[in-house]
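Hi there,

Here is the structure I promised you, with some notes on what turned up. Have a look at it first, then read on.

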Amino acid sequence: MTKRTFKIANDLTVNRLGYGAMRLTDQPSNFGPYPKWDQGLALLRRAADLGVNFFDSAWAYGPEHADRIVGEALEGRDVILATKGGVDKPEPGKIITDGSRDALLHQVDRALVNLRRDRIDLFQLHRVDPETPIETSVAALAEAQADGRIGHIGLSNVSREQLDQALSVAPIASVQNRFNMDEADEDNLVDYTASKGIAFIPYGPLGAHPMRQGAKLEPKEAIAWILKRSPNIVVIPGTTSIQHLEENWSAWDLA
């Protein structure tokens with residue numbers, strides 16, 4: 001039987017079928033607040049009621065608006081919240097990467113407010129800044145970890161070499177890269193993270209385009225395939241529909 005939970009960093013026990021909040025923003029380009037805010041709140045609360053206890057967001061989603069709706073919906077709930085920093089989106093279609101210490105620590109502080117938390121369970125570097133060594137970015141997050149603002153450090157959109165560079169600075173709890181049954185280029189990295197006890201959090205599990213809605217793959221089949229692929233995988237399909245949310249959750253029937 002496929003194991004339903006994974007302990008991130010030997011600390012955070014998460015249901016391996018989580019929720020990604022990118023779509024809870026305005027479209028196109030995931031820019032601006034989600035126009036059906038109350039429905040978004042209801043969807044997030046329904047997810048928690050089903051048993052989802054891991055919710056993934058990012059500064060760049062909105063920007064900040066995904067963090068805000070997650071924070072409002074789940075305030076006071078016993079769930080694990082993850083977000084990402086190091087990428088900003090000042091206007092639709094324009095993405096700025098900034099992994100500097102000051103930018104990351106500013107986004108950590110804003111995320112604490114937006115998520116309505118005293119500590120962020122998992123804060124991930126969204127993308128490596130070509131102008132900032134990854135060691136510098138991770139050192140900044142280690143600083144926030146040391147003073148209690150974040151619990152654990154994760155990475156997104158990284159290679160194995162970059163993961164190793166980050167590990168030379170601080171423990172890394174998770175890696176979030178694109179991975180699904182049709183796009184399995186990260187197969188080796190899945191196994192490498194598993195060997196180190198690091199969570200692998202695949203984005204795009206249904207093959208959707210990041211800036212357009214709609215699943216390319218059959219959801220239940222695609223989610224079940226990922227859940228069975230490796231016990232360190234925590235999959236985070238996103239949706240704006242409670243019906244689709246419940247269908248995604250039923251992927252456990254196939255796993």
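Helices H2 and H3 lie oblique to each other, because that word covers angles that are not under 35 degrees (roughly parallel), over 145 (roughly antiparallel) or 65 to 115 (roughly perpendicular). Their angle is about 40° and their axes are 7 Å apart, the axes being lines fitted to C-alpha atoms over the stretch in contact, with angles run from 0 to 180 degrees between N-to-C directions. H2 spans residues 65-74 and H3 residues 101-115; helices are DSSP runs of H or I of at least four residues, strands E runs of at least two, numbered from the N terminus.

Please keep in mind that this is a predicted model, where local features need pLDDT of at least 70, side-chain atom pairs count only at pLDDT 80 or more, and totals for chains, interfaces and linings use all residues. Residues are numbered from 1 along each chain as its sequence is written, and side-chain values use heavy atoms, leaving out hydrogens and water.

Now the strands. E1 (residues 5-8) alternates: Phe-6 and Ile-8 point to one face and are buried (under 20% relative accessible area, 1.4 Å probe, protein chains only), while Thr-5 and Lys-7 point to the other and are not. Four bridges join E1 to the antiparallel E2 (residues 12-15), with Ile-8 opposite Leu-12. In this hairpin, Ala-9 takes a positive phi near 55°.

Elsewhere, seven strands form an open parallel sheet, ordered E3-E4-E5-E8-E9-E10-E11; strands pair if DSSP finds at least two bridges between them.

Best wishes

How values were computed
Buried means under 20% relative accessible area, exposed over 50%, partly exposed in between (1.4 Å probe, protein chains only).
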